[in-house]
Number of protein chains: 4
Amino acid sequence: MEVCKAVHAAEDMELVAAVDKDDSLELLAPAEVVVDFTHPDVVMGNLEWCVSRGIHAVVGTTGFDPGRLERVREMVARHPGTNVLIAPNFGIAAVLMMHFAQQAAKYFESVEIVELHHPQKADAPSGTARRTAELIAEARRKAGVGPSPDATTQEIDGARGADVEGIRVHAVRISALIAHQEVILGGGGETLTIRHDTMNRASFVPGALLGVRRIRDVPGLTYGLEALLDL
Amino acid sequence: MEVCKAVHAAEDMELVAAVDKDDSLELLAPAEVVVDFTHPDVVMGNLEWCVSRGIHAVVGTTGFDPGRLERVREMVARHPGTNVLIAPNFGIAAVLMMHFAQQAAKYFESVEIVELHHPQKADAPSGTARRTAELIAEARRKAGVGPSPDATTQEIDGARGADVEGIRVHAVRISALIAHQEVILGGGGETLTIRHDTMNRASFVPGALLGVRRIRDVPGLTYGLEALLDL
Amino acid sequence: MEVCKAVHAAEDMELVAAVDKDDSLELLAPAEVVVDFTHPDVVMGNLEWCVSRGIHAVVGTTGFDPGRLERVREMVARHPGTNVLIAPNFGIAAVLMMHFAQQAAKYFESVEIVELHHPQKADAPSGTARRTAELIAEARRKAGVGPSPDATTQEIDGARGADVEGIRVHAVRISALIAHQEVILGGGGETLTIRHDTMNRASFVPGALLGVRRIRDVPGLTYGLEALLDL
Amino acid sequence: MEVCKAVHAAEDMELVAAVDKDDSLELLAPAEVVVDFTHPDVVMGNLEWCVSRGIHAVVGTTGFDPGRLERVREMVARHPGTNVLIAPNFGIAAVLMMHFAQQAAKYFESVEIVELHHPQKADAPSGTARRTAELIAEARRKAGVGPSPDATTQEIDGARGADVEGIRVHAVRISALIAHQEVILGGGGETLTIRHDTMNRASFVPGALLGVRRIRDVPGLTYGLEALLDL
């Protein structure tokens, strides 16, 4: 796995064990930090195992709804000094894009999202695009910014994209693309565009390593990689 | 008007008259070429007046459906040597974008269109985007290229854009923008993007001047500026 | 002037006077805030006049080097409660672009700047691009990030751009463009692109109004519009 | 090799043999077409071997200067009915980008090239960018279009890029990028941007297959993939 290779290559880390689905977790017992990119069906058990042994966890597995997050919060509360990072996206560029979009959202009259992916993708828009729209919508609500202006009266169905909490989101599917997203903000004669391009599938590795390096210093449960970036 | 200023400034042309809606067309009698950016209600009368006097016409007025084009074709057939250019778009960059998109269309598995305009625009997608989609669809049909691949099974309504003859078209509305369009083609590990940006409202002037310079050499009725470009 | 029109249009402000170079400053005496977009030759006198009368100033005039800034700092120190904002760039999108680029700089192995302007521009790269490069270079230095990797051994002179404190900056000059800049950061399989487009020359207005609205709340001398944004 | 896999997968082709550097060329004797992506040191011998046996060749090997092209032209002249395609670039998107840039070149006052690659690249600008600049320069010369306007008087060395036959070319090197190029043309209030992105190293495959399918129909020596596209 890509993270294992990278840990192995890093001078300040040591790879204790790489555990596949049929291996015993006991191999991980000597570890200080466990990285979990597994499956929603097993991740809660893995976390219980780690936290109860005082091993920090960096988790990229999907499926953490508010209920699951609450359960993890209780777990780490019972074991002070053991920390867990759960992040829906470990791509640093993707995380920064979302963060900057959220910060800029209230300064511009208009904002829309265009996400572009390979045509094998099943959902449209992407989870990242929906999350970005929610963050932008929340920032604008808090600042009292109204909806983006839109005088459309004649529309061919779907032309103006999906409406995610009042933010228009467009999903483009093109062969040869991987995962890309553009947030376009405009007003007062200027536009600001924040774009993220994933060029290969190993793009979550630097973020996972950052998690491993920093997890000791962030007590309890941390949700989202942005909390570990100095922003 | 911008075209008048430009004709005045051009060394190889002379401005005979600038006629507004309450002026007599007779002022135009000495002209060799008349440029008509008027209104669908009056343009057919204007053309009749010009063609019957042997004056060439360069027309940017909208509203030419197949019926009107046929009537103009008959007009010029009755006056051999008098030529008419009617173009739905006089922006050279816009016309080239459409032409190149059409040429490239059959070489890529996927193609989609993203058009971006100011939020005062009433129609979505733009006429230019619809026309581009039609040209692309026609080119792919002729070459026997099937639909762009798309595995979307979960969609928030509108995320995948409008369907114009099988081509997905997305319309973005952002304050501070003017008129922009991007055609994205992809396949075989590569993408090709052809983008057009209108930066101000005088962008039709160079195309109109090109029409004035070339109209003498293209007998009869010519539809579309691309016919005057050496492509 | 654009700012005057905008102040006039704003519901929460009143235009006291618009003073041109031959007018007396006394017209401004009733104002609470003066906006100064004048000339380096007169701006220091204007500031002295305002500050000594307890009038806040929002200044977009160029030419503030460290010496001049120090003199303004002394001025406002002698008149507590009177505030001055001096900003080299009042475009909010431009200011956010610089700020985000600076924040993101240490997370990516590579970073370069491409600025694009109309071909009448005399300096290359633009002041904004040079300033962005300095901010990025400083952020990377502080974080201990080394130079962007570059294996170039054969170069046609200038191909790799200008070197501004170790950051490569490319200046593109294209007719029809206005003022645009792109900061491209990359590493770990991802890129992040932050782009700013000025679509017309009034793009400094919203930033100037923001300055007028906020100047009362930021004591003393403030340099740079970013200090007034909640970032 | 990627081309072998693709030939194998194609329904209208059969893979006769895949020959590595230590294998005998005799394995290729039953082939109708040979694809040569080898090395400048051996390609001329390979071609002599193929052409003398009446086997068509599709060649992506580099190093064909005018002298070598002349020798190949003589080879095929001695064996009528045997055809050779030599192409410096087999990426269809890249080839179309160059072709469209060349076609558009004379319609815009300004044109510049920005190429972007991974930082391991040794030459700046890329061969593709240099070739594009030459094609653009030639098209403008033929049409009597003067140099792009440029009022730069203060330049930090290199900011305005390399000068390739009067066309400015900028080379950006960013980690995570692969091979990308943008040709920006502008004038009359509009810009046209033609961009090519290589997303993986197999992007030459569709072009190579196109060559294999069409080589029978283009007599003699053909230089450049564009000759096989219907443009």
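Colleague: What makes the relation of chain A to chain B that of a two-fold axis?

Modeller: In general, two copies of a chain are related by a rotation about an axis and a shift along it. Here chain A can be laid on chain B with an RMSD of 0.0 Å by a turn of 180 degrees and a shift of 0.0 Å along the axis, and that is therefore the relation of a two-fold axis. The superposition is by least squares on the C-alpha atoms of residues with pLDDT of at least 70 in both copies. This is a predicted model, in which local features need pLDDT of at least 70, side-chain atom pairs count only at pLDDT 80 or more, and totals for chains, interfaces and linings use all residues. Residues are numbered from 1 along each chain as its sequence is written, chains are lettered from A and ligands numbered from 1 in the order in which they are written, and side-chain values use heavy atoms, with hydrogens and water left out.

Colleague: Which residue of chain A comes closest to the rotation axis?

Modeller: A:Gly158, with its C-alpha at 1.9 Å. The same surface serves both copies, since 100% of the contact residues of chain A recur in chain B.

Colleague: How many residues does the contact take from chain A and from chain B?

Modeller: It takes 47 from chain A and 47 from chain B, where contact means heavy atoms within 4.5 Å. Chain A and chain B bury about 3,100 Å² between them, 62% of it on carbon and sulfur atoms. Buried area is the accessible area (1.4 Å probe) that two parts lose on being put together, summed over both.

Colleague: How many salt bridges and polar contacts are counted between chain A and chain B?

Modeller: The salt bridge count is zero; one would need a side-chain nitrogen of Lys or Arg within 4 Å of a carboxyl oxygen of Asp or Glu. There are 22 residue pairs in polar contact, both at pLDDT 80 or more. A polar contact is a pair of N or O atoms within 3.5 Å; within protein, one must be able to donate a hydrogen and the other to accept it, and residues adjacent in sequence count only if both atoms are side-chain atoms.

Colleague: What is counted between chain C and chain B?

Modeller: Four residues of chain C are in contact with four residues of chain B. These chains bury about 360 Å² between them, 80% of it on carbon and sulfur atoms. C:Ala176, C:Ile178 and C:Met199 lose the most area to chain B, together 89% of what the side of chain C buries. Between chain C and chain B there are zero salt bridges.
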